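Hi,

Here is the model I said I would pass on. Have a look at it first, and then read my notes below.

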Number of protein chains: 2
Amino acid sequence: MGDTPGVSEPTLEEQIAAYQREFRDLDPQVEKIVSALSRLNRRMNVAYGRQTAALGISNAEWEVLKALVLAGAPYRLGPSDLAKRLGLTPAAMTHRIDRMVGEGLVTRERDESNRVRVIVELTDEGREKWLEAMRMATVFEEDLLQDLSSEDRGVLGEVLTRLLRRVEDAQPDAGGRLSDLD
Amino acid sequence: MGDTPGVSEPTLEEQIAAYQREFRDLDPQVEKIVSALSRLNRRMNVAYGRQTAALGISNAEWEVLKALVLAGAPYRLGPSDLAKRLGLTPAAMTHRIDRMVGEGLVTRERDESNRVRVIVELTDEGREKWLEAMRMATVFEEDLLQDLSSEDRGVLGEVLTRLLRRVEDAQPDAGGRLSDLD
DNA sequence: AAGCTAAAGTTCGAAGTTGAACTCTACACC
DNA sequence: GGTGTAGAGTTCAACTTCGAACTTTAGCTT
């Protein structure tokens, strides 16, 4: 097998060098930021995935739990609201809720004051799962940022929010699905 | 229908405030960084998705084109290598390549020197698509970072790579799928 | 009041992904 | 040289998602 050298994923530095070779007018500074961001995000999702799996749920389900908790007590939202917040189609939301009802994480009932609507509500078990996931997540996040001084953290948070505001203004979620795509 | 107030996605600030309400020992500084990162990434993927869609390809296909270009001339990789780099199962890779062969973006042929292997190679059309996507992406990225001074960009790039190194060390891709999950 | 229109959810079929089983080739060992 | 083992890639069934069609209810309009 002396044929193919160790063809593993290129490092960030190799990747940037390769892009510059193939695409002359590339700003390496910009590329570094964008690529690091994207890789970092992927790794973080993997980490979250391992943690939620340890709790017997999926990242997808964790997203639903988070949205419900964020809504505040009594932790209720309609399927459409949930779908909007998670960037899913209503169809996908229907199935996701089916599953989670089956697992006892949420309940689904018709809104008697407006019978077109459905209310999805967090169960105690769902809330408990969220809490455990949250505990694990914060440990991981704290570890991730361990090497950053408090000032660095402040600056990083500021810069990222600045960038976020810029995309959000350019992309006012109008109309469009916020599908994840990656 | 004056019943449900405008239940739209909470802003980053609202989200952090809500989490603090529900989970006492949450570091708002950490949460801000992590949430901004994740939202930013989602928005960026939406933006890339619109651009690649304008070229008649998907983000998924763009990822394959990128991996092949990164491999350097003659732009060849095996399905397993591709799968590893993209964080997909070999099964998914098979189907993805099927599609892309049908669209003329890549070719697939057996490696005559080792007939177990398959070589996926970028076509000229595939390379051209990559180039156009790259041009659009860099315009978007430059616009995204427009408000950041060169020093800010440098610092941001450094900090992000530092974080990336930290997760990569803790998570040496060993064994595990690098599935995206969100 | 009858009918229109809009909105909420669900159902259905097509597309993409996954994990597991399977096939085929290359290489090592006795 | 035959057998075994490991690796590459594909096939298959189950699951998740999407887009579009559809059902049901609420609120308008005349």
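Chain A and chain B bury about 8,800 Å² between them, with 60% of that on carbon and sulfur atoms. On the chain A side, A:E22, A:R43 and A:R166 lose the most area to chain B, together 9% of what that side buries. The contact draws 89 residues from chain A and 91 residues from chain B. Keep in mind as you read on that this is a predicted model.

One piece of that contact is a helix pair. Two packed helices are described by the angle between their axes and the distance between the axes. Here, helix 2 (residues 28–54) of chain A and helix 2 (residues 28–54) of chain B have axes that come within 10 Å and cross at roughly 115°. The crossing of these two helices is left-handed. On the chain A helix, A:V34, A:L37, A:S38, A:L40, A:N41, A:M44 and A:Y48 take part, and they meet B:V34, B:L37, B:S38, B:L40, B:N41, B:M44 and B:Y48 on helix 2 of chain B. By class, that contact has 10 nonpolar and 4 polar residues, and no charged ones.

Now the DNA, starting with strand C. There are 20 residues around DNA strand C, and the ones that come nearest are A:S80, A:T94, A:V118, B:R96 and B:R99. What part of the strand do they face? Of the strand C atoms within 4 Å of the protein, 82% belong to sugar or phosphate, and the rest belong to bases. Some polar contacts to look up:

- A:S80 has a polar side-chain atom 2.4 Å from a phosphate oxygen of DNA strand C.
- A:T94 puts a polar side-chain atom 2.9 Å from a phosphate oxygen of DNA strand C.
- B:R115 uses a polar backbone atom, 3.2 Å from a phosphate oxygen of DNA strand C.

Both chains contribute here: helix 4 (79–86) and helix 5 (90–102) of chain A, together with helix 5 (90–102) of chain B, each supply at least two residues of the surface near strand C. Helix 5 of chain B gives the most, with 5 residues. By class, this surface divides into 9 nonpolar, 6 polar and 5 charged residues.

On to strand D. Around DNA strand D there are 22 residues, of which A:R96, B:P79, B:S80, B:T94 and B:V118 come nearest. Sugar and phosphate make up 81% of the strand D atoms that come within 4 Å of the protein. A side-chain N or O atom of A:R96 is 2.3 Å from a phosphate oxygen of strand D, while A:T89 has a backbone N or O atom 3.0 Å from a phosphate oxygen of that strand. From chain B, a polar side-chain atom of B:T94 lies 2.9 Å from a phosphate oxygen of strand D. The elements giving two or more residues to this surface are helix 5 of chain A, and helix 4 (79–86) and helix 5 of chain B. Helix 5 of chain A gives the most, with 5 residues. The strand D surface divides into 10 nonpolar, 7 polar and 5 charged residues.

Last, some backbone geometry. Most residues other than glycine have a negative phi, and most peptide bonds are trans. In chain A, the peptide bond from A:A73 to A:P74 is cis, with omega near 5°, and A:P74 lies in the loop between helix 3 (59–70) and strand 1 (76–77). A:Y75, in that loop too, has a positive phi of about 60° although it is not a glycine. In chain B, the bond from B:A73 to B:P74 is cis, with omega near 0°.

Cheers

Definitions and conventions. Residues are numbered from 1 along each chain as its sequence is written. Chains are lettered from A and ligands numbered from 1 in the order in which they are written. This is a predicted model: local features need pLDDT of at least 70, side-chain atom pairs count only at pLDDT 80 or more; totals for chains, interfaces and linings use all residues. Side-chain values use heavy atoms; hydrogens and water are left out. A residue is near a molecule or strand if one of its heavy atoms lies within 4 Å of it. A polar contact is a pair of N or O atoms within 3.5 Å; within protein, one must be able to donate a hydrogen and the other to accept it, and residues adjacent in sequence count only if both atoms are side-chain atoms. Helices (H or I, at least four residues) and strands (E, at least two) are DSSP runs, numbered from the N terminus. Ala, Val, Leu, Ile, Met, Phe, Trp, Tyr, Cys and Pro count as nonpolar, Asp, Glu, Lys and Arg as charged, and the others, Gly among them, as polar. Axes are lines fitted to C-alpha atoms, for helices over the stretch in contact, and angles run from 0 to 180 degrees between N-to-C directions. A crossing is left-handed if the near helix is turned anticlockwise from the far one by less than a right angle, and right-handed if clockwise. Contact means heavy atoms within 4.5 Å. Buried area is the accessible area (1.4 Å probe) that two parts lose on being put together, summed over both.
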